[in-house]
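Biologist: Before we talk about individual residues, could we look at the chain together and take its salt bridges, its strands and its confidence in turn?

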Amino acid sequence: MFERYRTIIDDWEAFQAALARPQPATLRVNRLKADPGALRARLEERGFRLEPYDWYPDLWRVVEEPFSPALTLEHWLGWFYLQEAAAAVPVLALDPRPGEAVLDLSAAPGGKSTQMAERMDGRGMVVANDPDPRRLAALAHNLQRLGVTMAVVTRADGRQYPGGVAFDRVLVDAPCSAEGNARRSARAREGAGRHQRRRLPAVQQALLRRGLALARPGGVVVYSTCTFAPEENEAVVDQILREAEGAVRLEPLPPGLPGTAGVTAWEGRRFRPELELCRRIYPHHLDSGGMFVARLRKEGPVPWEEPGGPGAGPPGGAGAGSGSGGVGWLEASASLREQVVAWCRQEFGLDEGVLAGLYAYASEGQGIWLASLPRIPGWEERWSVGLRLVRAHGATWKPTSVGLVQWGSAATRNVVDLEQDALRALLEGRQVTPPHGAPLERRGWVVLRYRGYAVGCGFWDGERLRSALPQERAGELLSILAREGAGAGEHQGAGNGRGPR
């Protein structure tokens with residue numbers, strides 16, 4: 001079905017052979033929570049055999065797996081992200097740095113946004129946008145699971161993304177015909193239809209134009225797709241370079257990244273010679289999927305840019321609607337943060353150092369979020385920011401399970417350490433008696449802990465304990481416990497709240 005690409009693929013036989021093989025799992029270490037060496041040792045003790053890629057040592061190909069890596073406690077806690085090798089290249093090409101403002105224009109389900117945050121060491125700001133409200137839940141879930149506190153989730157059509165912030169770097173991971181997913185998607189194996197080939201380039205060009213308009217002068221924009229089609233790849237970049245009239249320059253990718261050069265001619269059309277600087281990744285290169293990556297440098301104002309600078313316009317402008325579930329940020333204040341710190345100390349014995357460097361944001365009727373970035377004036381209608389620590393619960397607060405997973409492992413008060421059978425009973429909806437000696441000082445919300453790591457929120461009525469984990473997360477954890485069984489005896493050491501560091 002990919003015969004049309006025979007002349008541009010560097011090794012046609014290897015390409016065909018790769019398409020016929022199952023695609024191996026790959027995982028990316030989340031250094032915000034885990035130390036690579038300790039995590040690898042834990043997984044290999046379970047029977048996993050892992051091979052790091054030389055061009056990205058924190059990305060591991062799973063050579064042998066006794067079961068799916070997704071059915072491990074480490075994955076549930078957010079210590080790694082299952083991300084195919086080719087999909088990791090665009091963020092490495094973008095090369096985000098700590099302290100920068102970075103935009104992921106089409107972010108769901110969050111693999112590249114979480115990779116950005118990890119590469120930035122949790123410092124700066126990642127704006128993770130997606131226009132599809134059905135995909136926002138997965139995006140927010142992955143940001144929370146991996147403990148990203150410096151992300152803002154927005155919902156907007158990327159072609160009209162509102163201005164007001166000049167981004168240091170922008171990733172335009174554009175919707176495409178997805179032919180590079182042929183090894184794991186029956187739909188992708190069918191190939192793109194003629195209508196799709198006509199429609200998609202216009203969308204892709206519009207997204208790339210907007211990404212360049214939102215970047216600051218000197219900023220970097222990476223354009224990527226997971227398709228082989230030059231119409232959606234080199235042709236799109238070539239068109240934008242011509243329109244930019246010298247305001248945009250194509251750059252080589254950072255040294256060491258995989259792939260072959262971009263093409264400069266296709267079906268009778270010739271592209272600018274610098275299109276060779278783009279990178280094409282085929283399935284046989286990494287035993288992965290396919291990917292196209294181009295890195296552009298904005299030298300000055302682009303012709304389609306609004307007067308007033310990068311992305312000029314009101315931050316709450318057209319297309320920025322937060323939709324149902326949106327969060328209205330209130331001014332982060334020192335007094336609100338003091339209330340949060342005092343509450344955490346009183347309820348769970350958490351000292352102020354656990355929440356150091358975090359701002360507290362209130363949302364009327366919804367609770368309090370903690371984030372490692374200050375308020376952006378004018379961004380009052382964004383979908384969410386940081387991680388929610390507490391929800392409104394009548395006139396009081398209820399801790400969220402995601403907040404306790406992030407910060408609760410350091411709790412010294414109102415915390416219950418559970419054996420596997422007791423945790424399983426709670427997750428199945430039963431009540432249990434807390435273990436003797438548990439530091440429970442009052443009836444109310446408690447931290448549930450397993451193997452030294454906080455796994456969520458529970459409630460103690462003075463006699464019995466019950467789970468308050470969300471149903472979906474409880475179901476996922478139950479599946480992990482069922483896989484582990486009663487023995488395993490793996491890794492009984494206590495945790496410290498940041499994984500095996």
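Modeller: Let us begin with one charged pair in this predicted model, namely E51 and R49, which form a salt bridge.

Biologist: How far apart are the closest N and O atoms of E51 and R49?

Modeller: A salt bridge needs a side-chain nitrogen of Lys or Arg within 4 Å of a carboxyl oxygen of Asp or Glu. E51 is partly exposed, with a relative accessible area of 32%, and R49 is partly exposed as well, at 38%. The pair meets the cut-off, the closest N and O atoms being apart by 3.9 Å.

Biologist: Which parts of the chain does the salt bridge between R297 and E251 tie together, and how many residues apart are they in sequence?

Modeller: The closest N and O atoms of R297 and E251 are 2.9 Å apart. R297 belongs to strand β15 (residues 291-298) and E251 to strand β10 (residues 248-251), so the salt bridge ties together parts whose separation in sequence is 46 residues.

Biologist: Is E251 buried or exposed?

Modeller: The cut-off for a buried residue is a relative accessible area under 20%. E251 has a relative accessible area of 8%, so E251 is buried.

Biologist: Which residues are joined into one network by salt bridges that share partners?

Modeller: The structure holds 41 salt bridges, among them the one between E51 and R49. Through shared partners, salt bridges build one network out of R21, R49, E51, R61, E64, R183 and D287.

Biologist: How many residues apart in sequence are the parts tied together by E231 and R4?

Modeller: E231 and R4 form a salt bridge whose closest N and O atoms are 2.5 Å apart. E231 sits in the loop between β9 (215-225) and α9 (234-244), whereas R4 sits in the segment before α1 (12-20), so the parts they tie together are apart in sequence by 227 residues.

Biologist: R145 is buried yet has no salt bridge; which side chain of opposite charge is nearest, and how far away is it?

Modeller: R145 lies in helix α6 (residues 133-145), and its contacts beyond four places in sequence include K33, H75, W76 and R473. A salt bridge would need the charged atoms to be within 4 Å. The nearest side chain of opposite charge is that of E476, at a distance of 6.8 Å.

Biologist: Turning to the strands, which residue in β6 stands opposite L103?

Modeller: In strand β5 (residues 101-104), A101 and L103 point one way while V102 and D104 point the other way, and all are buried. Four bridges join β5 to strand β6 (residues 125-129), and the two run parallel. Opposite L103 in β6 stands V127.

Biologist: What is the order of strands in the open sheet with mixed pairing, and which are its edge strands?

Modeller: The open sheet has four strands, in the order β23-β24-β25-β26. Since each pairs on one side only, the edge strands are β23 (415-418) and β26 (465-467).

Biologist: Which residue in β26 stands opposite G458?

Modeller: Strand β25 (residues 453-460) runs antiparallel to β26, and three bridges join them. Opposite G458 in β26 stands S467.

Biologist: Where does pLDDT stay under 50?

Modeller: The mean pLDDT of the chain is 89, with 89% of its residues at 70 or more. Where pLDDT is low, the predicted coordinates should not be read in detail, and this caution applies to the 57 contacts beyond four places in sequence that the model has for one such stretch. The stretches where pLDDT stays under 50 include residues 314-329 and residues 486-498.

How values were computed:
Residues are numbered from 1 along each chain as its sequence is written. This is a predicted model: local features need pLDDT of at least 70, side-chain atom pairs count only at pLDDT 80 or more; totals for chains, interfaces and linings use all residues. Side-chain values use heavy atoms; hydrogens and water are left out. pLDDT is the predictor's confidence in each residue, from 0 to 100. Contact means heavy atoms within 4.5 Å. Two strands pair if DSSP finds at least two bridges between them. Buried means under 20% relative accessible area, exposed over 50%, partly exposed in between (1.4 Å probe, protein chains only). Lys and Arg count as positive and Asp and Glu as negative; His and the chain ends are not counted.
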